[in-house]
Each structure stands twice: as structure tokens, then as C-alpha cells.
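Dear colleague,

Please find below the structure that I am handing over to you. My findings follow directly after it.

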Amino acid sequence: MLDLVKCEFWKLKRKKFVLFVIFSALLFPIPFTALVLKGNVGDLNAFDGLYDLLICMAVPVMLPCILGIIGAMLFYMERDNATLKNLIAIPVSAWEIATAKIIVLYFISFLFTCITLFSAIIGGIIAGSDLGNIWNKLITAIITAILYATGTLPIIIAIVKFNRSYIFAVILTFFYTMFGFSLAFTGQFTSDNQVMKVLTSILPTPVIYRWQASRMIEQGTTAFENWQPYFLKLGIVVFTVFILGGISYFAIIKIYKKQEGQV
Amino acid sequence: MSKYVIETKNLTKQYGTQKSVADLNIHVKQGRIYGLLGRNGAGKTTTMKMLLGLTQPTSGEVTIWGQPLRTNEKKLLPRIGYLIESPGFYPNLTATENLRIFATLRGVPSRNAIKNALDLVGLPYKDKKLFSQYSLGMKQRLAIALAIMHDPELLILDEPINGLDPIGIAEVRSFIRDLCTERGKTILISSHILSEIALLADDIGIIDHGALLEEESLAELEAKSSRHIRFTVSSTTQAARILERNFHETQFTIQDDYKMRLHNLGIPVGEIVTAFVENGLTVSEAYVCEESLEDYFKRVTGGEGIA
């Protein structure tokens with residue numbers, strides 16, 4: 001499996017979008033750093049404030065989009081280049097190929113959140129703040145990476161299932177990302193609608209945000225009291241996201257196996 | 001141990017109501033080149049895909065080295081090199097990078113395997129040119145390099161000369177022949193070009209509409225299709241004596257007690273028949289067969305389509 005994962009990374013060589021991912025993870029903090037420098041994060045330490053903004057706002061917008069598009073690149077690659085037949089007759093099974101591609105998504109997710117942390121450190125240094133709790137932030141970055149990568153798997157089902165163009169995959173990914181983001185930041189706090197409550201309790205982005213917000217908002221503040229009913233413990237978040245991710249994984253394998261038979 | 005490297009038993013692939021391959025029984029012998037000849041759409045590629053486990057047969061069985069493929073894929077497939085349909089590689093990578101991916105997945109132990117494979121097909125090692133910038137001929141060569149890189153015992157090559165220029169065709173032909181004669185590889189090759197198969201193959205299977213029409217050695221097929229006079233007489237032993245005595249002719253083949261072939265078309269048929277009758281023989285058939293190998297294939301497959 002390690003060789004397969006290694007090969008999946010080699011296949012991404014010279015793909016400009018991967019460089020864009022790294023670049024965007026480094027560039028996205030710039031406007032947030034500007035906000036922090038202007039004192040728009042209240043009494044928080046600049047580094048803490050910048051990191052929280054990045055992990056709670058930049059990551060939910062950027063990461064699912066990036067993972068969806070790279071997922072499409074990885075899964076369409078064999079179809080577009082007629083290489084699936086070469087792999088299957090080695091023999092490498094369809095589930096091994098699909099699993100390797102999904103592992104790559106986890107690595108990229110991890111890379112993105114770690115670069116985000118790195119750029120937050122740079123922003124913190126620019127803002128002249130104390131760089132405290134770096135290990136704690138690294139753990140949060142890793143957990144966030146795992147949760148978002150798992151939370152993106154439902155979109156990979158659609159990409160694999162419909163097996164269409166990149167434009168279709170991009171539109172689908174953006175819709176999924178924006179839908180999750182809207183629910184996380186507005187829907188769950190502004191509506192008592194039961195459907196909304198169900199959606200914000202099962203969809204990955206709102207669920208992850210309900211855990212992240214509990215860490216970001218300072219205890220004892222009015223904001224904390226107002227948001228407290230919506231907070232979720234990490235265990236519940238992991239359970240919810242992994243149930244959805246697990247179902248998605250098996251669906252992806254099943255669909256990919258079926259496509260293997262049509263080589 | 002089976003005497004065949006590949007053996008199929010009633011191999012069938014059905015899409016909907018249409019049979020792409022129907023009850024196919026092919027037999028590929030060790031150390032020989034087997035040419036699967038058929039028109040476009042005859043079922044050659046589907047057959048090869050089933051031999052590699054890329055497509056599951058609707059019914060029937062594939063046996064490779066005496067073992068059923070279905071339950072032994074992990075054991076059998078690594079011993080096979082293949083080229084199926086168009087060459088499939090990653091366009092953003094170079095030839096070396098592409099081969100490195102497959103070498104890694106195959107667990108190719110030799111460090112020089114990639115270089116050797118590229119050298120054999122005449123492609124540069126560690127060249128900076130990307131696969132997307134390759135010509136069709138270069139792509140085809142790279143696909144052949146991939147097929148041989150892990151030094152397989154059996155090669156399954158689907159139309160390997162597609163896209164090659166005349167010099168390239170000659171090179172690949174000689175290369176395939178060397179693989180068989182010098183390295184003892186067993187090769188199954190498909191083509192719709194009769195001349196290619198005739199130049200390369202030791203054994204030939206003619207496939208049409210998914211069914212195997214003939215399976216014989218090239219020598220047997222050539223004998224069937226050669227120019228000759230065919231006689232059906234009351235006694236071939238006596239007829240042979242007359243030919244030797246009256247016409248000083250020894251270039252004939254006796255098939256059975258009544259049928260024989262005369263390979264020298266220089267003697268008028270009428271004179272021979274007269275001699276036979278005068279010597280008390282009954283002649284029930286006497287005709288000239290002037291069928292070329294191509295005519296023969298056309299007749300067998302029922303028309304055009306084989307170049």
C-alpha cells in the first residue's frame with residue numbers, strides 16, 4: 001500500500017494545482033494577518049487569533065474545495081489516461097487503488113493545515129505576538145486535517161459515481177463546500193427548523209465547526225454562553241464524521257470496483 | 001502440467017444479447033508465437049482482456065500454465081507482460097517516470113530494468129520529454145517497454161505495431177521474434193493485418209464475430225492455401241506410380257487412399273487425367289486450386305476486412 005501511495009504522489013508531479021494548494025495555504029493568511037495587525041480580534045493574542053481565524057474560516061472554505069478537486073484529478077487520472085488496465089493486470093485491486101488515492105487526500109489535507117499553521121506562525125511573528133501553544137495547535141491542525149479529509153469523502157462518491165468532467169467535479173465540490181460553510185456559520189444559529197438542526201448535526205463542516213468554536217471562543221464571555229448549546233465534544237464529532245466517512249469509503253470502493261469491470 | 005501456456009475452454013463474453021466472444025477454445029504452446037487474426041471488432045481485444053482478468057467472462061474458463069486464471073490472478077498475472085488497446089501512461093510524466101511507477105508497483109527487483117526496457121525499444125533513458133509530447137509510435141514503443149520490463153514469461157500484445165512507421169514495424173517484428181527465439185518467451189499477438197501475422201506467428205487462430213474459425217500452425221495453413229492440383233481418384237497409390245512413370249513427377253502429397261495434391265502446375269490437367277483413365281483409374285475430381293493465404297483467410301472469414 002505504501003508503494004501505491006508513493007506512486008499516487010508521483011502521478012501528481014508537474015500538476016500545477018498541487019502547487020496552487022501549497023501557495024494558497026501560504027497566501028490565505030495574509031488578509032487575516034492584516035486583520036490581526038489592525039487589532040480586529042479583540043483581546044486575543046495575535047498568533048492565537050490568527051490561527052483560530054485560519055483554522056475555523058479559511059480551512060472550511062479552502063480545504064474541501066482543494067480535496068474535491070484533487071480527488072477528481074486522482075480518480076479521473078486513470079480513466080483519462082487509460083492506465084487502469086495497466087494497474088489491474090499487475091495485479092492491483094480496485095480497492096487498493098481507490099484506498100491509495102484516498103490516503104493521498106489525507107496527506108494533502110494534513111499538508112494544507114500544517115502549512116496554514118506555519119503561515120500563522122509567520123503572521124504571528126510579523127504581528128510581534130507570543131508564539132505559545134504551538135504543539136496544541138499542531139494537534140488541532142492534524143485533527144482538523146483528518147476530519148475535513150474524511151468529511152470530503154461524500155463528494156468523492158459523487159465524483160467517482162458520475163465519472164464526468166472536471167467542470168462537473170469543481171461545481172459539485174464548490175456547492176458542497178459552500179453549503180457546508182453556510183450551514184456552519186449562519187444556518188445553525190439562525191434557524192430553529194428541524195431539518196436545519198439535523199443537517200448541522202450530520203454534515204461534516206457544521207459538525208467540525210461546532211467543535212472548533214468551543215476551542216476558539218474564550219470561556220466566560222457572552223459569546224461563549226450564547227454558543228455553548230451548539231458546541232460538540234471531539235468524540236461526538238469524530239464519531240459523526242467517521243460514520244459518514246466510513247459509509248462514503250465503502251461506497252467509493254464499491255463504485256470503483258464496478259468501474260474496474262468496465263475497463 | 002498442461003502442454004499449453006494458455007488454454008481457453010468455451011470462453012464466452014456476452015454484452016446484452018450480443019456475444020462478443022463465443023465458445024472460444026484457443027491453445028497457445030510454450031515458446032511459440034500465436035497470432036490471433038481477425039477483422040476489427042472480431043473479438044480479439046475482448047479475448048485478450050479476459051486472458052488478463054480485465055474483463056470477466058460470461059462463461060467458460062481461462063487456464064494459464066495449467067491453472068485457472070480466476071482463482072490464481074495474483075500468482076499468474078505478474079508472469080505476464082501485456083499491451084492492450086492504446087498505450088496508457090500519465091501524460092505529465094516522462095517515459096522513465098512512467099515506467100518507474102509500474103516497476104515500483106510490480107516490485108521489479110532489477111535497478112536497470114527500466115533502462116534495459118527503454119534501450120530495447122529504442123527510447124532514451126531519463127529523457128526530459130513528457131509522454132504527452134510523444135508521437136504515436138513512441139507511445140507504442142513505451143507500451144512495449146512496459147510489457148517487457150519485468151521480464152515476463154508470457155507476452156500478450158494487442159496490435160503492437162499500431163501507429164508505427166514501416167521501419168518501426170520491422171524493428172518491432174524482429175524484436176518480438178527475438179524475444180521468442182532467443183529468450184524463449186511465449187507470445188500471443190493479435191492483429192487484423194494478415195501479412196504481419198504471417199511474418200511473425202508460428203500458430204494462427206482466426207477469429208470472426210467472436211468465434212474461432214481455424215486454429216492451426218502457419219505451415220499447415222500455408223499448405224492448405226498453396227497452389228496445387230487436387231485429384232480424387234480410385235487409388236492414389238496407382239496414381240502416384242503413373243505420375244512418376246509417365247511424367248517423372250514427384251512433387252505431390254497423398255492425403256488418403258483417394259485424395260492427392262500435385263504441387264507442380266506445369267503439367268496440363270487434361271494430360272494427367274487421360275493417363276489416369278488409360279491406366280484404369282476412375283477420376284471423380286480434378287481441379288486447380290490457386291488460393292493465396294489472403295484468399296484463404298477471406299474465404300474463411302467470409303469477406304473483406306483483413307489487410
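In this predicted model, residues 166-186 of chain A are 100% helix and 0% strand, and the C-alpha atoms at the two ends of that span lie 30 Å apart. A second span of chain A, residues 230-252, is 83% helix and 0% strand; its end C-alpha atoms are 31 Å apart. Both spans appear in an unreviewed UniProt entry under "transmembrane region". That entry also lists residues 17-37, 49-76, 103-126 and 138-159 of chain A under the heading.

Regarding cysteines, a search of the whole structure returned zero disulfides over all chains. Two cysteines of chain A may interest you for their accessibility. C7(A) has a relative accessible area of 1% and is therefore buried, since buried means under 20%. C65(A), at 6% relative accessibility, counts as buried because it falls under that cut-off too.

In chain B, I examined how two helices pack. Helix 4 (residues 113-121) and helix 5 (residues 136-148) of chain B have axes 9 Å apart and pack at an angle of about 135 degrees. Helix 4 of chain B is therefore oblique to helix 5 of chain B. The crossing of these two helices is right-handed.

Which residues meet where helix 4 and helix 5 of chain B come into contact? From helix 4 of chain B, they are A117(B), L118(B), L120(B) and V121(B). Helix 5 of chain B contributes R141(B), L142(B), I144(B), A145(B) and I148(B).

Yours sincerely

Note on methods: Residues are numbered from 1 along each chain as its sequence is written. Chains are lettered from A and ligands numbered from 1 in the order in which they are written. This is a predicted model: local features need pLDDT of at least 70, side-chain atom pairs count only at pLDDT 80 or more; totals for chains, interfaces and linings use all residues. Side-chain values use heavy atoms; hydrogens and water are left out. UniProt positions are given in the numbering used here, feature names are shortened, and annotations may be inferred rather than shown by experiment. Helices (H or I, at least four residues) and strands (E, at least two) are DSSP runs, numbered from the N terminus. A disulfide is a pair of cysteine sulfur atoms within 2.5 Å. Buried means under 20% relative accessible area, exposed over 50%, partly exposed in between (1.4 Å probe, protein chains only). Axes are lines fitted to C-alpha atoms, for helices over the stretch in contact, and angles run from 0 to 180 degrees between N-to-C directions. Angles under 35 degrees count as roughly parallel, over 145 as roughly antiparallel, 65 to 115 as roughly perpendicular and the rest as oblique. A crossing is left-handed if the near helix is turned anticlockwise from the far one by less than a right angle, and right-handed if clockwise. Contact means heavy atoms within 4.5 Å.
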